[in-house]
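Subject: Structure handover

Hello,

Here is the structure for you to load. My notes on what was found come straight after it.

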Amino acid sequence: MSEKEEIQIEDDFVADDEDDGAEAPVEVAKTNLTKRRIIDNLLEERRLQKQLNEFDFDL
């Protein structure tokens, strides 16, 4: 596409999900937070398991 070509824009475009627009970001944020907590828990579990394996019980 050259710089001289113009992009056609539809003036009559209407988004279908205008009333759902406010709820969607909240849902995504909750999902991302849940995923983050799961990842954090798995990393913490892995870190603790590593510490347990490296612990010298003969102290």
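Below is what turned up, starting with the chain as a whole.

**Overall**

Please keep in mind that this is a predicted model. The chain has 59 residues, and 0% of them count as buried. Its secondary structure is one helix and zero strands. That helix, α1, covers residues 23-54. The accessible surface is about 6,500 Å². Carbon and sulfur atoms account for 53% of that surface.

**Salt bridges**

How many salt bridges does a search of the whole structure find? The count is two.

Take Arg36 and Asp40 to begin with. Their side chains meet in a salt bridge, with 2.8 Å from N to O. Both residues sit in helix α1, four residues apart, so about one helical turn separates them. Are they buried or exposed? Neither label fits. Arg36 has 46% relative accessibility, so it counts as partly exposed. Asp40 is at 34%, and it too is partly exposed.

The other bridge joins Glu44 to Arg47. Here the closest N and O atoms are 2.5 Å apart. Glu44 and Arg47 also belong to helix α1. They are three residues apart, again about one turn of the helix. Glu44 has a relative accessible area of 34%, which makes it partly exposed. Arg47 is partly exposed as well, at 39%.

**Aromatic pair**

The search of the whole structure finds one aromatic pair. It is made by Phe55 and Phe57. The ring centres are 5.0 Å apart, and the planes meet at 75°. Why is the pair edge-to-face? Because planes over 60 degrees apart count as edge-to-face, and the angle here is 75°.

The two rings fall into separate accessibility classes. Phe55 is partly exposed at 46% relative accessibility. Phe57 reaches 60%, so it counts as exposed. The cut-off behind that label is over 50%.

**Nonpolar patch**

Which residues make the nonpolar surface patch? They are Leu52, Phe55, Phe57 and Leu59. The patch has an area of about 520 Å². Both members of the aromatic pair therefore belong to the patch. Leu52 lies in helix α1, which ends at residue 54. Leu52 has a relative accessible area of 46%, so it is partly exposed.

**To recap**

Two salt bridges were found, Arg36 with Asp40 and Glu44 with Arg47. One aromatic pair was found, Phe55 with Phe57. The nonpolar patch takes in that pair along with Leu52 and Leu59. None of this sits in a buried setting, as 0% of the residues count as buried.

Best wishes

Conventions
Residues are numbered from 1 along each chain as its sequence is written. This is a predicted model: local features need pLDDT of at least 70, side-chain atom pairs count only at pLDDT 80 or more; totals for chains, interfaces and linings use all residues. Side-chain values use heavy atoms; hydrogens and water are left out. Rings of Phe, Tyr and Trp (its six-membered ring) pair if their centres lie within 6.5 Å; planes under 30 degrees apart count as stacked, over 60 as edge-to-face and the rest as tilted. Buried means under 20% relative accessible area, exposed over 50%, partly exposed in between (1.4 Å probe, protein chains only). Patches are made of residues with over 30% relative accessible area and no salt bridge: like charges are joined within 9 Å, nonpolar side chains (Val, Leu, Ile, Met, Phe, Trp, Tyr) within 5 Å. Accessible areas come from the Shrake-Rupley method with a 1.4 Å probe; for residues, only the protein chains shown count as cover. A salt bridge is a side-chain nitrogen of Lys or Arg within 4 Å of a carboxyl oxygen of Asp or Glu. Helices (H or I, at least four residues) and strands (E, at least two) are DSSP runs, numbered from the N terminus.
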